[in-house]
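Got your viewer open? Let's take a walk through this model, one selection at a time.

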Amino acid sequence: MTDSIGFIGVGTMGEPMCRNLVRKSGLPVLAADRNRAPLERLSVDGVKAASIKEIVSECRTILLSLPGGKEVEQVCLGDGGLIATVQLGSTVIDLSTAPISLARRLYAEFEGRSCAFADAPVARTRQAAIDGTLSIMVGGTADTFGRIEPLLRHMASEVTHCGDAGAGQAVKILNNMILFQTGVALAEALSIARAYGVDGKVLFETLTKGSADSFALRNHGMKAMLPGAFPERAFSTVYALKDLGYAIEMAEERGVPALGADVARELMERARELGHDKEYWPVLIRAIEDATRQKKS
């Protein structure tokens, strides 16, 4: 892969991923986004701001990092989208989290254009995106994975081939479902501990020494829930609800009960009703705190 690389979508996760890509690959990178601010910041690293039309014209490898399935579908299948305009023989890599059905459709559509497609959603935090230590889960052919893996490793410390088209999305969506349910357990434990006068810091630090230890505890619990820090330029409640919805749809399609996921969605919906929709998703603890106050009043 020696041609210019196209990068569509440089938001919360896309910007640091694009920055690592241009810094580490040594390849020219063209980026497109509706927001000019991240494009201006990336220009310092040598990223050239471009339109999607320019990217399609100049790049044989195009990465997408978009909010969700709706946006991916629009960019790829909408009027003048990538399916209709991409160069034959191009490779399109979707780093977004989107429905499995869409990934499989895009694979078939791009294959029909003699192009390669891989779903490659990313996991871990925005800090991991900045540090280049994301985990990327890839769905696609073995040949495509072999070609794109070196490129993805500029942005990630873990790159896993999960199977055919859609498999990367399946694994990522279920990863997030588990994460959100763990977040619910942490929020409940912290709220109960505080109700009994137990120091939350003591609780969480002690849990790291036992069988309840987890990535979620050390990051979402200790760095967000414990200090009550829920910034807006992070993985928001709205985005978390989107991914959780994908997981619940997967379960419903196969008749699998997903009771824990339903509880997590209920708390996130309540947090959104309380005005926390743009804040970092561990803010779901506010829904538990609100329910606690209502019972006491």
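## Stop one: two unusual loop residues

Start by selecting S114, which sits in the loop between α6 (100–112) and β6 (116–119). Helices (H or I, at least four residues) and strands (E, at least two) are DSSP runs, numbered from the N terminus. Before going on, a word on what you are looking at: this is a predicted model, where local features need pLDDT of at least 70 and side-chain atom pairs count only at pLDDT 80 or more, while totals for chains, interfaces and linings use all residues. Residues are numbered from 1 along each chain as its sequence is written, and side-chain values use heavy atoms, with hydrogens and water left out.

Back to S114: its phi is positive, about 60°, although the residue is not a glycine. Is S114 buried or exposed? With 54% relative accessibility, S114 counts as exposed; here buried means under 20% relative accessible area, exposed over 50%, and partly exposed in between (1.4 Å probe, protein chains only).

Now jump to R124, in the loop between β7 (122–123) and α7 (126–131). R124 is another residue other than glycine with a positive phi, near 95°. R124 is partly exposed, at a relative accessible area of 39%.

## Stop two: a pair of strands

Select β1 (residues 4–8) together with β2: the two pair in the parallel sense over four bridges. For strands to count as paired, DSSP must find at least two bridges between them. Click on F7 and look across to β2, where its bridge partner is A31.

Stay on β2 (residues 29–32) and show the side chains. V29 and A31 point one way, L30 and A32 point the other way, and all are buried.

## Stop three: rings

Next, colour the aromatic residues. Rings of Phe, Tyr and Trp (its six-membered ring) pair if their centres lie within 6.5 Å; planes under 30 degrees apart count as stacked, over 60 as edge-to-face and the rest as tilted. How many aromatic pairs does this rule give? The count comes to four. One of them is F110 with F117, a stacked pair with 5.7 Å centre to centre and 5° between the planes. Both F110 and F117 are buried.

Then pick F235 and Y239, a tilted pair with 6.5 Å centre to centre and 35° between the planes. F235 is partly exposed at 27% relative accessible area, and Y239 is partly exposed too, at 33%. Add F180 and W281 to your selection, and you have a cluster of F180, F235, Y239 and W281 linked by ring pairs.

## Stop four: cysteines

A disulfide is a covalent bond between the sulfur atoms of two cysteines. The test used here is a pair of cysteine sulfur atoms within 2.5 Å. How many disulfides turn up in the whole structure? The search finds zero. Try C115: the nearest cysteine sulfur belongs to C76, 11 Å away. C115 is buried, at 7% relative accessibility. For C162, the nearest cysteine sulfur is that of C76, 20 Å away. C162 is partly exposed, at 27%.

## Stop five: salt bridges

Side chains of opposite charge can pair when their charged atoms come close. A salt bridge here is a side-chain nitrogen of Lys or Arg within 4 Å of a carboxyl oxygen of Asp or Glu, and the count comes to 17.

Select E73 and R105, whose side chains meet in a salt bridge (3.7 Å, N to O). This pair links distant parts of the chain: E73 is in helix α4 (residues 69–77) and R105 in helix α6, 32 residues apart.

Now move to helix α13 (residues 259–273). R265 and D262 form a salt bridge (3.8 Å, N to O), and because they are three residues apart in the helix, about one helical turn separates them. In α13 you can also pick R270 and E273, three residues apart, with a salt bridge of 3.2 Å, N to O. R270 is partly exposed at 28%, whereas E273 is exposed at 60%.

For a larger selection, try E15, R19, R23, R41, D45 and R233, which are linked in a network of salt bridges.
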